[in-house]
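The following exercises are to be worked with the sequence and the coordinates at hand. Each task is followed by a solution in steps.

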Amino acid sequence: MSEDFSLTKLNKPDWNNLNVMDKKHTPIIEAPSKVKANEPFTVKIKVGGIDGVEHPNTLSHWINWVALYAGDRLISRTALGAELSDSYILTINVTLKESTSLRAQEFCNLHGVWEGKPKEITVE
Ligand SMILES: [Fe+2]
């Protein structure tokens, strides 16, 4: 049995066997599957909360940042302060020129970087 998390490698959950750490840390992307080229649309990222298992938000343990990529290109990285951010739900406006795969990552100060399922976006 491996560790529940890594501080030196990207953490990706086993979707067939999610553990509590996965449920707390994995970012989930909500976005339309099809969009129009060069027209902004909203991407929502929720960190954790899978099956109601929320990540803590305290001065000693919190999600420090959330990043969104189109393929390997950075779209946005949002820094979060400890304790005062109400929830780990972010909305980001995105404009794409061509079809891509959105990827979301988050960094927990105690448990490292986590990435969830990519979201394929078809640009028409
Ligand atoms: Fe954590």
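## Exercise 1. Positive phi angles in loops

Glutamate 83 is found in the loop between strand S5 (73-79) and strand S6 (89-94). The model is a predicted one.

**Task.** Determine the sign of phi at glutamate 83, and decide whether this residue is buried, partly exposed or exposed. Repeat the analysis for aspartate 51.

**Solution.**

Step 1. Glutamate 83 has a phi of about 75°, which is positive although the residue is not a glycine.

Step 2. The relative accessibility of glutamate 83 is 45%. Buried requires a value under 20% and exposed a value over 50%, so glutamate 83 counts as partly exposed.

Step 3. Aspartate 51, likewise not a glycine, has a positive phi near 55°. Its place is in the loop between strand S3 (41-47) and strand S4 (63-70).

Step 4. Aspartate 51 counts as exposed because its relative accessibility is 63%.

## Exercise 2. The iron site

**Task.** Identify the protein donors of the iron ion and state how the donor residues are spaced in sequence.

**Solution.**

Step 1. The protein donors are His25 (NE2), His55 (NE2), His61 (NE2), Cys108 (SG) and His111 (ND1). These atoms lie 2.2 to 2.3 Å from the iron ion.

Step 2. Written as a spacing pattern, the donor residues follow H-x29-H-x5-H-x46-C-x2-H.

Step 3. Histidine 61, in the loop between S3 and S4, and histidine 111, in the loop between S7 and S8, are 50 residues apart, and this pair links distant parts of the chain.

Step 4. Histidine 61 counts as buried because its relative accessibility is 11%. For histidine 111 the value is 12%, so this residue also counts as buried.

## Exercise 3. The S7-S8 hairpin

**Task.** Describe how strand S7 and strand S8 are joined, and find the bridge partner of phenylalanine 107.

**Solution.**

Step 1. Strand S7 covers residues 100-108 and strand S8 covers residues 112-115; the two run antiparallel and are joined by four bridges.

Step 2. Three residues lie between S7 and S8, which form a hairpin.

Step 3. Phenylalanine 107 has valine 113, in S8, as its bridge partner.

## Exercise 4. Salt bridges

**Task.** How many salt bridges does the structure hold? For the pairs of aspartate 51, lysine 44 and glutamate 115, give the partner and the separation.

**Solution.**

Step 1. The structure holds seven salt bridges. Side chains of opposite charge can pair when their charged atoms come close.

Step 2. Aspartate 51 meets lysine 23 in a salt bridge with an N to O distance of 3.0 Å. The pair links distant parts of the chain, since lysine 23 belongs to helix H1 (residues 20-25) and aspartate 51 to the loop between S3 and S4, 28 residues apart. Lysine 23 counts as buried at 19% relative accessibility, whereas aspartate 51 counts as exposed at 63%.

Step 3. Lysine 44 meets glutamate 30 at 3.9 Å, N to O. Here the linked parts are strand S3, with lysine 44, and strand S1 (residues 27-30), with glutamate 30, and the two residues are 14 apart. Both are partly exposed: lysine 44 at 30% and glutamate 30 at 45%.

Step 4. Glutamate 115 forms a salt bridge with arginine 103, whose closest N and O atoms are 2.8 Å apart. Arginine 103 lies in strand S7 and glutamate 115 in strand S8, so the pair ties together parts 12 residues apart in sequence. Both residues are buried.

Step 5. Through shared partners, salt bridges join Lys12, Asp72, Arg103 and Glu115 into one network.

## Exercise 5. The chain as a whole

**Task.** Which secondary-structure elements does the chain contain, and what is its radius of gyration?

**Solution.**

Step 1. The chain has one helix and nine strands, in the order α-β-β-β-β-β-β-β-β-β along the sequence.

Step 2. A compact globule of 124 residues would have a radius of gyration near 14 Å; the chain has 15 Å and therefore agrees with that expectation.

Step 3. Along the principal axes, the C-alpha atoms fill a box of roughly 40 × 35 × 25 Å.

Step 4. Buried residues account for 44% of the 124 residues. The accessible surface is about 7100 Å², and 49% of that surface belongs to carbon and sulfur atoms.

Step 5. Of the contacts between residues at least 6 apart in sequence, 66% join residues at least 24 apart.

Definitions and conventions:
Residues numbered from 1 in each chain as written. Predicted model: local features only at pLDDT ≥ 70, side-chain atom pairs only at ≥ 80, totals over all residues. Heavy atoms only, no water. Pairing = 2+ DSSP bridges. Buried < 20%, exposed > 50% of the residue type's maximum accessible area, 1.4 Å probe, protein only. Donors = N, O, S within 2.8 Å, 3.2 Å for Na, K, Ca; no water. Rg over C-alpha atoms; globule rule 2.2 N^0.38 Å. Contact = heavy atoms within 4.5 Å. Areas by Shrake-Rupley, 256 points an atom, 1.4 Å probe, with all protein chains shown as cover. Salt bridge = Lys/Arg side-chain N within 4 Å of Asp/Glu carboxyl O.
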